[in-house]
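This briefing is intended for a reader meeting the structure for the first time. It takes up the ligand surroundings, then the domains, then two backbone details.

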Amino acid sequence: MNVANQKIDLPLLDEKGISLFVKREDTIHPLISGNKYRKLKYNIQEAKKKSVSTLLTFGGAYSNHIAATACAGKEQELKTIGVIRGEELVGKWRANPTLKLAKEHGMRFHFVSRENYRKKEAPEFLKALKKKFGDFYLIPEGGTNELAVKGCKEILNAKDVNFDIICSCVGTGGTLAGLINAARPNQTVLGFPALKGDFLKNDIRKFAQNENWELISDYHFGGYAKFTAELVNFVSDFKVQTEIPLEPIYTGKLFYGLLDLISKDYFKKGTKILAIHSGGLQGISGMNIVLKEKNLPQLK
Ligand SMILES: *Cc1c(COP(=O)(O)O)cnc(C)c1O
């Protein structure tokens with residue numbers, strides 16, 4: 001599936017002589033958006049090939065991956081189980097838009113304490129899950145594995161060969177690895193981590209077959225799911241200027257960072273940049289609840 005590349009018109013880009021296009025992966029599907037669709041595609045095929053009728057995966061309360069797995073499972077007639085971080089959510093998940101959406105699409109939840117959640121990939125923990133739920137096809141937290149990277153490779157297509165730079169947000173790095181594997185030797189792939197962590201480079205190297213990539217680690221805004229009023233305002237302004245919706249966990253950090261680099265002459269005049277909009281918009285309503293609690297402006 002190929003989605004459109006949308007040209008961005010902003011005075012800054014004219015001034016600096018940079019051309020910027022956005023690949024609208026957020027438009028792939030209203031609920032299974034962006035990179036999560038790509039990551040699930042071959043995993044779902046594999047589960048079916050193995051005749052396993054249940055997908056089990058992990059995530060936090062606002063996880064795009066949890067929402068996407070629930071919705072994709074429903075479409076593909078597979079049962080889904082979400083192992084969710086935070087026992088305190090047991091009686092409260094209905095107030096959480098992401099979990100409510102997942103439940104409406106048939107996901108069964110298993111809430112675990114933060115301590116147990118950290119042990120989620122341990123053999124004893126998985127054995128206990130099999131005992132409780134029966135056989136399942138395991139998809140890791142964030143959805144990243146070999147088959148997910150294969151799916152993300154398909155984000156780029158033959159029409160994208162003329163870009164000099166390909167940019168994407170980084171969570172686990174699976175999406176970036178797919179882009180790296182799809183990029184031509186004359187293209188550079190830039191990843192903008194949404195979290196702090198020196199481990200990311202090694203994680204990406206596990207799946208990446210080329211060397212033409214770099215991480216830009218200055219725009220995580222303090223870490224995963226951390227953000228400032230400035231970032232929230234940027235996300236709102238960007239939508240007014242370009243009609244492209246972003247959110248402050250992933251794509252807001254990417255575009256903030258990218259435009260900041262452009263303003264600082266990081267790229268030479270004439271550079272053609274393709275930024276991947278990896279989706280995640282289902283998270284906006286949950287985010288607005290968090291913003292309200294912090295007395296920060298609402299996302300529109
Ligand atoms: C999950 C997610 C990411 C992170 O993707 P990784 O492959 O884990 O690096 C980026 N953007 C959005 C919108 C996401 O939901």
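In this predicted model, 15 residues surround the ligand, and Lys36, Asn64, Gly171, Thr172 and Thr175 come nearest. The shell around the ligand draws at least three residues from each of domain 1 (5–30 + 155–293) and domain 2 (34–143). The points below describe that shell, the two domains and a loop in which two residues have positive phi values.

**Ligand surroundings**

- Three elements, α2 (35–49), β7 (165–170) and α8 (174–182), each supply at least two residues of the shell around the ligand.
- The element that gives the most to this shell is α2, with 3 residues.
- Sorted by class, the shell holds 10 polar, 3 nonpolar and 2 charged residues.

**Polar atoms beside the ligand**

- In the side chain of Thr172, an N or O atom is 2.6 Å from an oxygen atom of the ligand.
- The side chain of Asn64 has an N or O atom 2.7 Å from an oxygen atom of the ligand.
- For Lys39, a side-chain N or O atom likewise lies 2.7 Å from a ligand oxygen atom.
- The ligand exposes 380 Å² when taken alone, and the protein buries 98% of that area.

**Domains and their contact**

- The protein is divided into domain 1, formed by residues 5–30 + 155–293, and domain 2, formed by residues 34–143.
- The centres of the two domains, taken over C-alpha atoms, are separated by 26 Å.
- Domain 1 contributes 17 residues to the contact, and domain 2 contributes 16 residues.
- About 1,300 Å² is buried between domain 1 and domain 2, with 54% of it on carbon and sulfur atoms.
- On the domain 1 side, Ile28, His29 and Gln282 lose the most area to domain 2, and together they account for 35% of what that side buries.

**Backbone details in one loop**

- Most residues other than glycine have a negative phi.
- Phe221, a residue other than glycine, has a positive phi, near 55°.
- Phe221 is located in the loop between β9 (213–215) and α10 (229–242).
- Ala225 also has a positive phi, near 65°, and is likewise a residue other than glycine.
- The loop between β9 and α10 is where Ala225 lies.

Definitions and conventions:
Residues numbered from 1 in each chain as written. Predicted model: local features only at pLDDT ≥ 70, side-chain atom pairs only at ≥ 80, totals over all residues. Heavy atoms only, no water. Near = heavy atom within 4 Å. Polar contact = N/O pair within 3.5 Å; in protein donor to acceptor, adjacent residues only side chain to side chain. Areas by Shrake-Rupley, 256 points an atom, 1.4 Å probe, with all protein chains shown as cover. Helix = DSSP H or I, 4+ residues; strand = E, 2+ residues; numbered from the N terminus. Nonpolar A, V, L, I, M, F, W, Y, C, P; charged D, E, K, R; others polar. Domains from an automatic or database assignment. Contact = heavy atoms within 4.5 Å. Buried area = accessible area lost by both parts, 1.4 Å probe.
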